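Q: Got a minute to go through this one with me? I'd like to start with the packing and then move around.

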Amino acid sequence: NYLYVRVIKSCKYVISGFLIATILILQQAFSFAQSSDIRFKRIGIKDGLSANAVNSIEQDSLGFIWIGTDNGLNRYDGMEFKIFRASLKDSTSIRHSIVYDILNVNKGKLLVNTWSGVDILDLKYESFSKLPLKGNFMKDGRGNIWTFNISETVGIRIHHVGTGTID
């Protein structure tokens with residue numbers, strides 16, 4: 001009888017210890033999951049976005065979110081927007097306000113595909129340079145930008161961002 005009671009008490013302590021350990025592990029797991037919750041905030045024209053219809057979104061090397069719309073290129077810092085639109089008076093402005101696609105090509109540069117062609121935005125100077133490209137683009141693992149030109153001549157070209165050459 002005495003041995004039976006002692007075994008029961010030992011099992012009771014083992015089970016209690018196991019339950020406490022399980023509760024502590026689960027508590028840690030749930031608190032970790034709660035700390036990594038992703039929160040979304042809807043932003044629109046009322047918040048400063050140039051248009052509610054968004055064509056593309058890209059994040060640059062500085063952490064800014066760039067949003068391409070039919071009414072300009074928007075830079076969002078999490079609080080407010082700065083909008084870049086075409087200006088006939090400024091040769092360093094974006095060439096057209098309809099932005100189809102944005103690509104972070106390297107530190108300090110964004111490739112911006114507009115209705116009338118492709119520009120490179122220098123993030124430091126906030127100025128645009130016009131490229132002799134028109135069409136869609138993508139970046140490969142080596143950093144080359146591949147463009148598919150569908151307007152004047154159909155073809156595929158490689159734009160080497162570092163040298164500025166086009167093959």
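Core, sheet and a loop serine

Q: Which residues make up the largest nonpolar core?
A: This is a predicted model. Its largest nonpolar core has 11 residues: Trp 66, Leu 73, Phe 84, Ile 94, Val 99, Ile 102, Leu 110, Val 112, Leu 121, Leu 123 and Phe 128.

Q: And which elements give two or more residues to this core?
A: Those are β5 and β6, the latter spanning 109-114.

Q: Is there another core apart from it, and which residues are among its members?
A: Another core of 9 residues lies apart from it, including Val 105, Val 118, Leu 133 and Phe 137.

Q: Back to Leu 110. What does Leu 110 touch, not counting residues up to four places away in sequence?
A: Among them are Trp 66, Ile 102, Leu 121 and Leu 123. The list also includes Glu 58, Asp 60 and Asp 119.

Q: OK, the sheet. In what order do the strands come?
A: The order is β5-β6-β7-β8, an open sheet of 4 strands with antiparallel pairing.

Q: Which are the edge strands?
A: β5 and β8 (127-130), each of which pairs on one side only.

Q: How many degrees are neighbouring strands turned against each other?
A: On average 25 degrees, with direction ignored.

Q: How many bridges join β5 to β6?
A: There are 6, and the two strands run antiparallel. Within β6, Leu 111 is the residue that stands opposite Leu 103.

Q: Switching to aromatics. How many aromatic pairs are there?
A: The count is 3. In one of them, Phe 84 with Phe 128, the ring centres are 5.9 Å apart.

Q: Why is that pair edge-to-face?
A: Because the ring planes of Phe 84 and Phe 128 stand at 70 degrees, and planes over 60 degrees apart count as edge-to-face.

Q: What does the pair tie together?
A: Phe 84 is in strand β4 and Phe 128 in strand β8, so the pair connects parts 44 residues apart in sequence.

Q: Are those two buried or exposed?
A: Both Phe 84 and Phe 128 are buried. Ring pairs also link them with Trp 66 into a cluster.

Q: Last topic, Ser 97. Where is Ser 97 found?
A: Ser 97 is in the loop between β4 (81-84) and β5 (99-106).

Q: Buried or exposed?
A: Ser 97 has a relative accessible area of 16%, so it counts as buried, the cut-off being under 20%.

Q: What does the side chain of Ser 97 reach?
A: The backbone nitrogen of Ala 86, at 3.0 Å. Beyond its neighbours within four places in sequence, Ser 97 is also in contact with residues including Thr 69, Asp 70 and Arg 85.

How values were computed: Residues are numbered from 1 along each chain as its sequence is written. This is a predicted model: local features need pLDDT of at least 70, side-chain atom pairs count only at pLDDT 80 or more; totals for chains, interfaces and linings use all residues. Side-chain values use heavy atoms; hydrogens and water are left out. Buried means under 20% relative accessible area, exposed over 50%, partly exposed in between (1.4 Å probe, protein chains only). A polar contact is a pair of N or O atoms within 3.5 Å; within protein, one must be able to donate a hydrogen and the other to accept it, and residues adjacent in sequence count only if both atoms are side-chain atoms. Contact means heavy atoms within 4.5 Å. A nonpolar core is a set of buried Ala, Val, Leu, Ile, Met, Phe, Trp, Tyr and Cys residues joined through side-chain atoms within 4.5 Å. Two strands pair if DSSP finds at least two bridges between them. Axes are lines fitted to C-alpha atoms, for helices over the stretch in contact, and angles run from 0 to 180 degrees between N-to-C directions. Rings of Phe, Tyr and Trp (its six-membered ring) pair if their centres lie within 6.5 Å; planes under 30 degrees apart count as stacked, over 60 as edge-to-face and the rest as tilted.
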